[in-house]
Amino acid sequence: MVNAAGEARAPLGAPMSSEGSVPDPGSMAAVFANFRQYLMGWDTAQSSVSDLDLFRSGLLTPQFNGVVRLRSVSAAGQAVAAARGALTGLPWWWWVGPDSPEATADELRRHGGDQLAVLPVMVRSLDGPSAPGDGLAPVCIDDVPGLRVEEVGDGDRLAELVRTYRTSMGIALPLEAELVRLESRREDHTDIVRLAAVLDGRVVGTTVVIAAHGVAGIFLVHVAEEHRRRGIGAALTAAALRCGRLRSMRTAALVASPAGEPLYRRLGFTTSCEYRLFTFPA
């Protein structure tokens, strides 16, 4: 999942590419507040470590444990030690975005961190008229007759949604029940809309929208391997955009994988800045 993006960092809210200005660049602070809410929502104990925004789900997979912001680099060594202590025994990642101080990446390297990936943060405005097909109504795709995008609550359908994205992410089966429990116990449940692409009564794709801080944060866009390259990811993203509009959000934002980036560009997203993902050897 390593992206080919360069090493230069943009100031918070400044476009990195020449493809045009990001809509409402002043909203980027809200975008990162939205992302922090999503990641820190996996920590039901609400961990508090000085100078760090840290989350600890307890799951033995790095996507759900880590650091999402360092507030000050003046004592970066102590912050790294504190994160290691708080996350002992768990795989975890350190997310470095423009909401962390400029020198954060260099300080993490100096204290033993290895850069794993550079991932683009992509945004688009939700102001103005909706695009065709940008809705939660039944979605009709020529290659996938009968596909629907539906909102998911609790119960069996939530478990099936988790199973679909867990499998796509390569997370081990024994973690599934705990991941379902964590999903159902998030304290920000009123801000969350979970969407499933359903075909022949089965969930074949997923996404989760966090509608908070004026931003529709789009997460966990996954399609079952046997149903990829048929337009299901586009249908899910379009439904997420419509969901953001229905909740009066002004901006949609996501962190793109290399595989997903071309799709999001076609749907009107532009690259604003980036996250650098770091790991720390045990």
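This tour moves through a predicted model, one selection at a time.

**The whole chain**

Begin with the protein chain shown as a cartoon, where the secondary structure comes to 7 helices and 10 strands. If you then colour by accessibility, 53% of the 282 residues count as buried. With contacts displayed, and counting those between residues at least 6 apart in sequence, 74% join residues at least 24 apart.

**The nonpolar cores**

Next, select Val31, Phe35, Trp95, Val121 and Tyr165, which are the residues that touch the most other members within the largest nonpolar core, a set of 41 residues. Helix 1 provides the largest share of this core, with 6 residues. A second core, separate and made of 29 residues, can be picked out through Ala211, Ala235, Leu241 and Ala256, which are among its members. As background to this step, nonpolar side chains in soluble globular proteins tend to be buried together.

Return to Val31 and show what surrounds this residue: once the neighbours within four places in sequence are left aside, Val31 is in contact with Val121, Val123, Val215, Thr251 and Ala253.

**Helix 2 and what covers it**

Move to helix 2, residues 76–86, and display the side chains of Ala76, Ala79, Val80 and Ala83, which are buried. If you turn the view until you look down the axis of helix 2, these buried residues fall within an arc of 100°, so they line one face of the helix. Add strand 1 (52–56), strand 2 (65–70), strand 3 (93–96) and helix 3 (104–110) to the selection, since what covers the buried residues of helix 2 includes these elements.

**Helix 5 and Glu183**

The same exercise can be repeated on helix 5, whose buried residues are Glu176, Leu179, Val180, Leu182 and Glu183. Around the axis they cover an arc of only 160°, which puts them on the same side of helix 5. The elements that cover these buried residues include helix 4, strand 6 (192–199) and strand 8.

Keep Glu183 selected; is this residue of helix 5 buried or exposed? Glu183, found in helix 5 (residues 176–184), counts as buried because its relative accessibility is 3%, against a cut-off for burial of under 20%. With residues up to four places away in sequence not counted, Glu183 touches Trp42, Leu158, Val162, Tyr165, Arg194 and Leu220; of these, Tyr165 was also named above among the residues that touch the most other members of the largest nonpolar core.

**The largest pocket**

Now switch to a surface view and find the largest pocket, which holds about 1,200 Å³ of space. Its lining is made up of 37 residues, and those closest to the centre are Val221, His222, Val255, Ser257 and Tyr264. Two or more lining residues come from each of helix 1 (28–40), strand 3, helix 4 (156–169), strand 8 (215–223), helix 6, strand 9 and helix 7 (261–266), and strand 8 gives the most, with 6 residues. Coloured by residue class, the lining divides into 25 nonpolar, 8 polar and 4 charged residues.

From the centre of this pocket, follow Val255, which is found in strand 9 and is partly exposed, with a relative accessible area of 26%. Leaving aside neighbours within four places in sequence, the contacts of Val255 are Phe35, Leu119, Pro120, Val121 and Tyr275. A distance drawn from the C-alpha of Val255 to that of Glu274 comes to 8.1 Å, for two residues that are 19 apart in sequence.

**Three loop residues**

The last stops are in loops. Select His213, in the loop between strand 7 (202–212) and strand 8; its phi is near 65°, a positive value in a residue other than glycine. Most residues other than glycine have a negative phi. His213 counts as partly exposed, at 46% relative accessibility. Arg229, in the loop between strand 8 and helix 6, likewise has a positive phi, of about 60°, although it is not a glycine. Arg229 is exposed, with a relative accessible area of 79%.

Finish at Ser248, in the loop between helix 6 (232–246) and strand 9 (251–255), where this residue is exposed with a relative accessible area of 61%. Although Ser248 and Asp127 are 121 residues apart in sequence, their C-alpha atoms are 9.1 Å apart in space.

Methods
Residues numbered from 1 in each chain as written. Predicted model: local features only at pLDDT ≥ 70, side-chain atom pairs only at ≥ 80, totals over all residues. Heavy atoms only, no water. Helix = DSSP H or I, 4+ residues; strand = E, 2+ residues; numbered from the N terminus. Buried < 20%, exposed > 50% of the residue type's maximum accessible area, 1.4 Å probe, protein only. Arc of directions from axis to C-beta. Contact = heavy atoms within 4.5 Å. 1 Å grid on protein atoms, 1.4 Å probe; cavity = no way out; pocket = protein on both sides within 12 Å on 5 of 7 lines; lining within 4 Å. Points joined across faces, edges and corners; volume = space filled by probe spheres on them. Nonpolar A, V, L, I, M, F, W, Y, C, P; charged D, E, K, R; others polar. Core = buried A, V, L, I, M, F, W, Y, C linked by side-chain atoms within 4.5 Å.
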